[in-house]
Amino acid sequence: MSIAQATELTEKMVLVFAQIKDPGVARTRVHVLTDILIIGILSVIAGGNGWEDMENYGVSKCEWLEQFLALPGGIPSADTFRLVE
């Protein structure tokens, strides 16, 4: 998938995910909910089976993900993925 295609897909996913209320506390929020959801979905598509796999996927694909995700707090930890459940 090219960066242009990934960016377009991300923009479409953001529109869909924008309807989901972020369960995090605004004053302590480090990660963008959309980034967390997209990394989680991509991890599962790639064969991931849990929170640690989501973090590991994000870390291993960080350079690529940074091209089309905000990632203001870097790659979320496994605990962060778990908390979004």
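**Group meeting: salt bridges, core and loops of a predicted model**

I begin with a contact between two charged residues: the side chains of Arg82 and Asp79 meet in a salt bridge, with 3.8 Å from N to O. Please keep in mind throughout that this is a predicted model. Arg82 and Asp79 are 3 residues apart in helix 5, and therefore about one helical turn separates them. As for their surroundings, Arg82 is partly exposed at 37% relative accessibility, and Asp79 is likewise classed as partly exposed, at 48%.

How many salt bridges does a search of the whole structure find? The search returns 2. Besides the pair already described, there is a salt bridge between the side chains of Glu8 and Lys12, at 3.3 Å from N to O. These two residues belong to helix 1 and stand 4 residues apart, so about one helical turn lies between them. Glu8 has a relative accessible area of 42%, which makes it partly exposed; Lys12, with 49%, is partly exposed too. Side chains of opposite charge can pair when their charged atoms come close.

Let me turn to the interior. The largest nonpolar core has 14 residues, and those touching the most other members are Ile39, Leu65, Leu69 and Leu71. Three elements give two or more residues to this core: helix 1, spanning 3-17, helix 2, spanning 33-45, and helix 3, spanning 51-60.

One of those core residues, Leu71, deserves a closer look. Leu71 is located in the loop between helix 4 and helix 5. Is this residue buried or exposed? Its relative accessibility is 11%, and because buried means under 20%, Leu71 counts as buried. If residues up to four places away in sequence are set aside, Leu71 touches Asp35, Ile39, Leu65 and Glu66. Its backbone is also worth noting: Leu71 is not a glycine, yet it has a positive phi of about 45 degrees.

Next comes helix 3. Which of its residues are buried? They are Met54, Tyr57 and Gly58. These residues cover an arc of only 95 degrees around the axis, and so they sit on the same side of helix 3. Val59 and Ser60, by contrast, are exposed on the other side of this helix. The buried residues of helix 3 have three packing partners, namely helix 2, helix 4 (62-65) and helix 5 (78-84).

I now move to a histidine. His31 is found in the loop that runs between helix 1 and helix 2. With a relative accessible area of 14%, His31 is buried. A polar atom of the His31 side chain lies 3.4 Å from the backbone oxygen of Gly74. What else is His31 in contact with, leaving aside neighbours within four places in sequence? Its contacts are Ile36, Gly73, Gly74, Ile75, Pro76 and Thr80.

My final item concerns aromatic rings. The structure holds 1 aromatic pair. It is formed by Trp64 and Phe68, whose rings are 4.7 Å apart centre to centre, with 75 degrees between the planes, an edge-to-face arrangement. The arrangement is called edge-to-face because the angle is over 60 degrees. Trp64 is partly exposed, its relative accessible area being 25%, whereas Phe68 counts as buried at 12% relative accessibility.

To close, I would recall two points from this predicted model. Leu71 is among the core residues that touch the most other members, and it has a positive phi. His31, in turn, is a buried residue in the loop between helix 1 and helix 2.

Note on methods
Residues are numbered from 1 along each chain as its sequence is written. This is a predicted model: local features need pLDDT of at least 70, side-chain atom pairs count only at pLDDT 80 or more; totals for chains, interfaces and linings use all residues. Side-chain values use heavy atoms; hydrogens and water are left out. A nonpolar core is a set of buried Ala, Val, Leu, Ile, Met, Phe, Trp, Tyr and Cys residues joined through side-chain atoms within 4.5 Å. Buried means under 20% relative accessible area, exposed over 50%, partly exposed in between (1.4 Å probe, protein chains only). Contact means heavy atoms within 4.5 Å. The arc is that of the directions from the helix axis to the C-beta atoms. A salt bridge is a side-chain nitrogen of Lys or Arg within 4 Å of a carboxyl oxygen of Asp or Glu. A polar contact is a pair of N or O atoms within 3.5 Å; within protein, one must be able to donate a hydrogen and the other to accept it, and residues adjacent in sequence count only if both atoms are side-chain atoms. Rings of Phe, Tyr and Trp (its six-membered ring) pair if their centres lie within 6.5 Å; planes under 30 degrees apart count as stacked, over 60 as edge-to-face and the rest as tilted.
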